[in-house]
Each structure stands twice: as C-alpha cells, then as structure tokens.
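These are my notebook entries on a structure that I went through entry by entry. I began with the chain as a whole and then turned to single residues and pairs.

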Amino acid sequence: MKKHFFKSFIENIYLFLMFLFLYFPIVILMIFSFNSIKSTSNWGGFSTRWYVQMFSDDALLGAFGTTITIAIIAALASCVIGTAAAIGIQGFRSKRLKGLINAVTNLPMVSSELVMGVSMMMLFLTVKIPLGYFTLLLAHITFCVPYVIVSVLPKLVQLDAGLYEAALDLGAKPFYAFRKVVLPEIKPGIISGMLIAFTLSIDDFVISFFTTGNGVNNLSIYIYSSVRRGVNPMYNALSTVMFILVAILLFIINKRSSSKTGDSPIGVLG
Amino acid sequence: MGKHLIEFKNVCKTFDDTEVLKNINLHIDENEFLTLLGPSGCGKSTLLRIIAGFEEPTSGSVCFEGADLCGVPAYERKVNTVFQRYALFPHLDVYDNIAFGLHIKKLGSKEIDSKVRRVLELVNLKGFERRTIGSLSGGQQQRIAIARAIVNEPKVLLLDEPLAALDLKLRQGMQLELKNMQRELGITFVYVTHDQEEALTMSDTIVVMKEGTIQQIGKPTDIYNEPKNAYVADFIGESNIISGIMKHDCLVNIMDTDLECVDTGFAPDESVDVVIRPEDIYILDPDKGKITGVVESVTFKGVHYEMVIDSNGFKWLVHDTAKYEVGSDVSLLVKPFDIHIMKKS
Ligand SMILES: Nc1ncnc2c1ncn2[C@@H]1O[C@H](COP(=O)(O)OP(=O)(O)OP(=O)(O)O)[C@@H](O)[C@H]1O
Ligand SMILES: [Mg+2]
C-alpha cells in the first residue's frame with residue numbers, strides 16, 4: 001500500500017516536471033504578450049497593445065493571409081489526392097507491391113524536413129518554376145499527402161469490400177457507389193487527415209523556408225526574419241494566437257480519433 | 001420448362017494459380033429454384049459472383065438470355081444478390097438500405113414507401129424501418145439483406161447461404177417464405193448452401209459440387225435416390241458406402257454375400273461402390289436376413305433409433321423405429337431397388 005503510494009507520488013512529480021519544462025516557456029510567453037511595456041523580463045501591467053499593433057501590421061497580416069490560404073488549399077488538395085492514393089493502394093492485389101508503395105508514401109513523414117525542403121527546392125529550380133506562392137503551395141500539398149493517406153488507409157482496411165459490391169449489385173454506377181457507400185464510411189479518416197494537414201501546414205517552417213521566394217512569406221518565415229532584427233513583444237502576441245489555434249486543432253483531431261476508434265492517426269505526430 | 005436463362009459453357013476460374021472452378025457446364029432455366037450444394041471452399045460463392053459480375057471467368061463463357069455476359073458490369077446485370085456476409089450499409093437505417101436500389105431506379109417516393117413496407121412485412125420485420133443496422137441481431141440483418149435484394153424484383157436472385165445465421169425454427173419458416181416468394185414473384189433463384197436438407201426441401205434442381213467441379217445435376221429426388229457416385233451419396237445424406245464386385249447384371253457381391261440388385265451395364269467382376277441408405281436397411285432376427293452382425297450402439301433420434309451394427313468389422317448405420325438391445329445378434333435385409341451401385345470414382 002505504502003509502496004504503491006510512493007510510486008504514484010514519484011510518477012506524479014515526474015509528470016509535473018515534464019509538463020513544467022515543456023510548457024513553462026510558452027506560458028511565460030503568453031503572459032508577457034499582455035505586458036504593457038516592451039521588456040521581456042519586467043512586468044509593467046496588463047495591456048492588449050501588442051495585439052492591437054499586431055492587427056494593424058500590414059506585412060504581418062499579409063503573411064497571416066498567406067499561411068491561412070496555403071493551409072486551406074493544401075489541406076483540401078492533399079485530402080483529395082491522399083484519399084485517391086489510399087484507395088489505389090488498398091486496391092492493389094499484390095501484398096508486396098502494397099507494402100512497397102506504403103513504405104514509399106510513409107518515407108516523407110519520417111525523413112527530415114530539411115531533406116524534404118532542400119530536395120523540393122532543387123526540383124523547382126531544375127524544372128525552372130520560379131519560387132514563390134505556387135511552389136510554397138506545391139510543397140505543402142506534397143508533405144501533407146502522406147498524412148492523409150495514413151489516416152484514410154485504416155478506414156479503408158476496416159471497410160467491408162462487400163459494401164461497394166453490394167451497391168453495384170443494386171444498380172449503382174461505380175462513382176455513385178463510392179459517394180453513397182464508401183465515402184460515408186471513410187469520411188472520419190478523411191476529415192482527420194484534412195485537419196492534420198491543415199495543422200502541419202500552418203506550423204511548417206523548414207520546408208516553407210526553402211520553397212518560397214519572391215518576397216512571399218508565411219507567418220513562420222515572417223516571424224523568423226523579424227525576430228532576427230530585434231525582439232518585439234508583438235511576436236509574443238502572434239505566437240500566442242498561433243499556439244492557441246494549433247492547440248485547438250490538435251484537440252479536435254485527438255477527440256475525433258479517440259471517440260471513433262482506437263487507432264489514432266495522430267500517433268505519427270508524436 | 002422455360003428457356004435457358006443463364007448458361008455456363010466450359011467456365012474455369014483460377015485465382016493466383018489455384019483452380020477454383022474447373023470446366024463448369026450448367027444451365028439455369030426461367031423460374032427455376034436451383035441450389036448449389038457443396039462443402040466449404042468448393043467454389044459455390046465464386047460461381048455466384050461470376051453471375052453477379054464481381055468475377056470474370058478465366059476461360060469459357062456465361063450467357064444471360066442468350067447474350068454473352070462478358071464485359072457487362074455488375075450494375076447493369078438484371079440480378080440481385082443476398083451476400084453471405086450481408087453487406088448492409090452501416091450508415092443507413094433499415095428503410096434506406098432497402099430503398100437503396102429503388103432510389104437508383106428513380107421510383108417515386110410513394111412507390112418506394114409501399115414497396116419497402118411490403119417487403120418488410122414479407123420478412124417479418126414490420127416496424128423496423130428506422131432501426132440502425134448495428135442494433136439488429138444477426139438473423140434480423142440476414143432478413144434485411146434478403147429484403148434489400150428482393151425488393152428490386154430482379155430476374156434472378158442470387159442467395160449465398162442466406163439462412164446460415166438463423167436458428168432452426170426461423171430457418172424452416174424462412175425456407176417456406178423464400179419458396180413462396182419465388183413462386184409468387186416468378187423469380188429465378190440461384191441458392192447456395194452447404195446444408196443438404198435445406199437443398200432437398202427447397203430446390204427444383206440441385207447441383208452438387210466438389211472442389212470446383214460439378215458432381216451431379218438433378219432433381220432432389222433423383223439426387224437422393226440415384227446419386228451418381230459415392231461422394232454425392234455421402235454428401236446428400238447419411239449412407240453406408242461399401243466396396244463390392246459386380247458379378248453380373250443385377251447381382252452384386254459384398255462381404256462375400258451375393259445380393260440381388262436392379263443395376264445393369266457393368267463389366268463382369270467390375271469393382272464398384274455400393275451405397276445403401278440407413279433407412280433402407282431392415283433389422284431382423286438372426287438367420288432371417290442375408291448379412292449377420294451384432295448391435296454395437298443405439299441412439300434415440302426422436303422419430304427413429306440410430307443403430308450401428310458391426311458385421312465382420314464393417315459398421316452398418318441403420319435407422320429403425322424398433323429398438324434392438326446392444327449386444328444382440330441380428331441380421332440385415334435390403335430390398336434390391338434400395339441397393340445403389342456406383343462406378344468407383
Ligand atoms: N479473391 C480470391 N483470391 C484467391 N482465392 C480465392 C478468392 N476468392 C475465393 N478464393 C478461393 O477459392 C475457393 C472457393 O471459394 P468460395 O468462396 O467460392 O467457396 P465456397 O464454396 O463459397 O465456400 P463457403 O461455403 O465456405 O462459403 C477457396 O479455396 C477460396 O480460398
Ligand atoms: Mg461462400
């Protein structure tokens with residue numbers, strides 16, 4: 001009994017310390033985003049002046065717009081491409097081929113972002129697509145697709161192949177059968193995949209850094225280049241907003257995947 | 001007899017080098033109740049899936065109303081299937097599952113409504129319209145699967161072990177219902193089962209299959225009374241199968257005993273399989289019958305007793321309403337026309 005108590009006490013302390021180190025800096029950052037003076041160490045009273053300043057900064061709002069539009073388009077596009085790819089992979093009769101294609105699609109998820117970013121940049125330069133909004137979008141779609149595949153594929157595996165056949169049997173043309181029978185069954189996976197893609201796209205810095213150009217900045221690049229010029233509490237405010245946005249998205253994704261089935265596609269996100 | 005509705009000509013099917021169907025020749029007539037009967041894995045479902053359009057034959061052809069089915073997609077075929085694993089749409093309720101095919105045919109909502117209600121009554125599930133699929137028992141799901149197929153009034157209904165999940169009483173009820181539906185609606189049924197009793201009670205024609213080949217096609221009475229070989233005889237009911245030698249026409253020798261029979265056309269001294277049904281054997285007092293033996297076991301089966309008679313090591317299975325005590329000496333008698341002689345296979 002006593003031993004059990006001791007053990008759980010240690011466990012709780014450990015957990016507490018872990019969360020402290022993980023989230024303390026973020027909490028500090030959030031608090032100081034409401035600081036009324038420019039100091040990062042002294043508290044000068046509560047104010048929302050950095051938030052006001054943030055929303056009147058045109059360059060920042062432009063970058064914010066880029067981030068959001070890229071995230072939305074990348075999420076939608078990767079969700080279409082990824083779902084189609086997952087259906088294709090599931091359709092392979094040969095187990096070996098299936099495994100191979102699966103491994104290839106998973107590779108971008110485990111390989112370093114740096115490698116992805118640099119290689120995509122090289123590709124764009126080689127085929128002479130000028131770096132800018134379009135290449136940034138292409139890069140984001142590319143790195144999002146595997147995550148959609150990973151979250152749709154388990155749903156397809158669960159899906160009774162007989163359902164699609166049953167729809168055909170009742171006279172449904174293949175696309176109608178897909179829309180009416182397959183899609184509703186794998187929709188949770190598609191939406192989870194889309195949310196993951198959206199979150200990753202908002203969050204991405206490394207790949208964006210290498211694949212954009214021509215003065216097109218998204219938020220993370222904008223912050224990176226501004227912070228180098230000098231710290232401004234406005235970025236605290238900005239980081240707070242982004243952190244909360246991403247946290248909400250992650251919360252939704254986790255809630256979805258844990259309420260539906262045990263296999264959480266978010267596992268790959270750590 | 002009507003014209004041939006479906007015709008299989010030399011159909012073979014291989015999956016990754018394994019032959020699942022071997023040279024199938026078969027025709028199915030209009031309004032026929034045809035049953036595919038065979039043990040698990042003999043290719044019954046595969047045959048059905050070829051008719052439905054989910055598999056293409058590796059070689060050979062399948063014709064429907066005289067036209068080759070090759071290349072006709074499943075959704076254009078005038079058949080509906082009751083799937084072995086139901087394949088009900090889990091995101092739709094009972095009503096929408098049944099109405100699925102009717103919506104595709106673009107019927108009016110009033111017509112759909114009355115059809116769905118009628119078919120629900122037919123399968124004894126009135127009032128289940130708004131139930132979700134997940135909330136139904138296995139037997140109820142099976143009946144919804146039947147309703148969903150039959151509501152489309154197809155030319156041919158393919159049923160893959162549609163009653164396998166039901167208890168005996170419900171199964172017998174549904175057997176009658178299905179048979180009635182088939183007669184009333186004038187639909188051709190192709191029915192898959194591995195239950196020989198079900199096959200015998202429901203079918204116009206039975207096709208007995210073994211490892212991808214057709215062993216025998218015939219009316220239930222023919223299959224039961226005149227099985228073509230020992231395999232069919234054994235599969236279609238309990239039998240005593242014993243090796244024998246055909247002395248000449250109408251005389252067979254088993255266990256050193258000559259027995260009169262009615263079969264002809266065998267070579268002199270040809271070795272054959274002799275099949276005798278347990279209910280065709282009479283147990284008599286010793287020295288009254290031809291074959292002697294000792295009662296080894298007696299089991300009460302409701303209407304009759306099932307007895308095992310040991311005769312020089314061969315164990316005869318006998319059904320009789322009279323009971324003989326274990327250990328008593330008896331003799332057995334079989335009438336000539338109850339002895340079925342088959343070529344060795
Ligand atoms: N898609 C497939 N790929 C490879 N082999 C298959 C495929 N479908 C069926 N088979 C094989 O073909 C054989 C016949 O299968 P089928 O489903 O037709 O049997 P069945 O007679 O319906 O059996 P059961 O009574 O168990 O349903 C089996 O050995 C099965 O493993
Ligand atoms: Mg089967």
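What percentage of the 345 residues of chain B count as buried? I found that 51% of them do. I note at the outset that the model is predicted.

**Entry 1: chain B as a whole**

I looked up the secondary structure of chain B and recorded eight helices and 20 strands. I then took the extent of the C-alpha trace, which spans about 75 × 45 × 40 Å along its principal axes. For contacts in chain B between residues at least 6 apart in sequence, I noted that 65% join residues at least 24 apart. The accessible surface of chain B comes to about 16,000 Å², and carbon and sulfur atoms account for 49% of that area. I listed 38 positive and 52 negative side chains in chain B; the centres of these two sets are 8 Å apart.

**Entry 2: salt bridges**

I searched the whole structure and obtained 18 salt bridges over all chains. I examined several of them.

In the pair of B:Arg77 and B:Glu56, the N to O distance is 3.8 Å. B:Arg77 sits in the loop between strands S5 (67-68) and S6 (79-82) of chain B, and B:Glu56 in the loop between helix H1 (44-52) and strand S4 (59-64), so the salt bridge ties together parts that are 21 residues apart in sequence. I checked burial for both partners: B:Arg77 is buried, at 8% relative accessible area, while B:Glu56 is partly exposed, at 33%.

B:Arg171 and B:Glu198 also meet through their side chains in a salt bridge, at 3.9 Å from N to O. This pair links distant parts of the chain, with B:Arg171 in helix H5 (residues 168-185) and B:Glu198 in helix H6 (residues 196-202), 27 residues apart. B:Arg171 has a relative accessibility of 19% and therefore counts as buried, the limit being under 20%. B:Glu198 counts as buried with 4%.

The salt bridge of B:Lys315 with B:Asp310 has its closest N and O atoms 3.5 Å apart. I recorded B:Lys315 as partly exposed, at 42% relative accessible area, and B:Asp310 as partly exposed, at 22%. I also noted one network, in which salt bridges with shared partners join A:Glu165, B:Lys13, B:Arg49 and B:Glu55.

**Entry 3: B:Ser239**

I located B:Ser239 in the loop between helix H8 (230-235) and strand S11 (240-248) of chain B. Is B:Ser239 buried or exposed? Its relative accessible area is 14%, and B:Ser239 is buried. A polar atom of its side chain lies 3.1 Å from the backbone oxygen of B:Ala233. Setting aside residues up to four places away in sequence, I listed its contacts as B:Ala233, B:Asp234, B:Val275, B:Ile276, B:Arg277 and B:Pro278.

**Entry 4: A:Gly132**

Turning to chain A, I placed A:Gly132 in the loop between helix H5 (113-126) and helix H6 (133-158). A:Gly132 is buried, with 6% relative accessible area. Which residues does A:Gly132 contact, leaving aside its neighbours within four places in sequence? I recorded A:Thr211, A:Thr212, A:Gly213, A:Asn214 and A:Val216. Finally, I took the separation of the C-alpha atoms of A:Gly132 and A:Gln158, which is 41 Å for residues that are 26 apart along the chain.

Notes: Residues numbered from 1 in each chain as written. Chains lettered and ligands numbered in written order. Predicted model: local features only at pLDDT ≥ 70, side-chain atom pairs only at ≥ 80, totals over all residues. Heavy atoms only, no water. Helix = DSSP H or I, 4+ residues; strand = E, 2+ residues; numbered from the N terminus. Buried < 20%, exposed > 50% of the residue type's maximum accessible area, 1.4 Å probe, protein only. Polar contact = N/O pair within 3.5 Å; in protein donor to acceptor, adjacent residues only side chain to side chain. Contact = heavy atoms within 4.5 Å. Areas by Shrake-Rupley, 256 points an atom, 1.4 Å probe, with all protein chains shown as cover. Lys, Arg positive; Asp, Glu negative; His and termini not counted. Charge placed at Lys NZ, Arg CZ, Asp CG, Glu CD. Salt bridge = Lys/Arg side-chain N within 4 Å of Asp/Glu carboxyl O.
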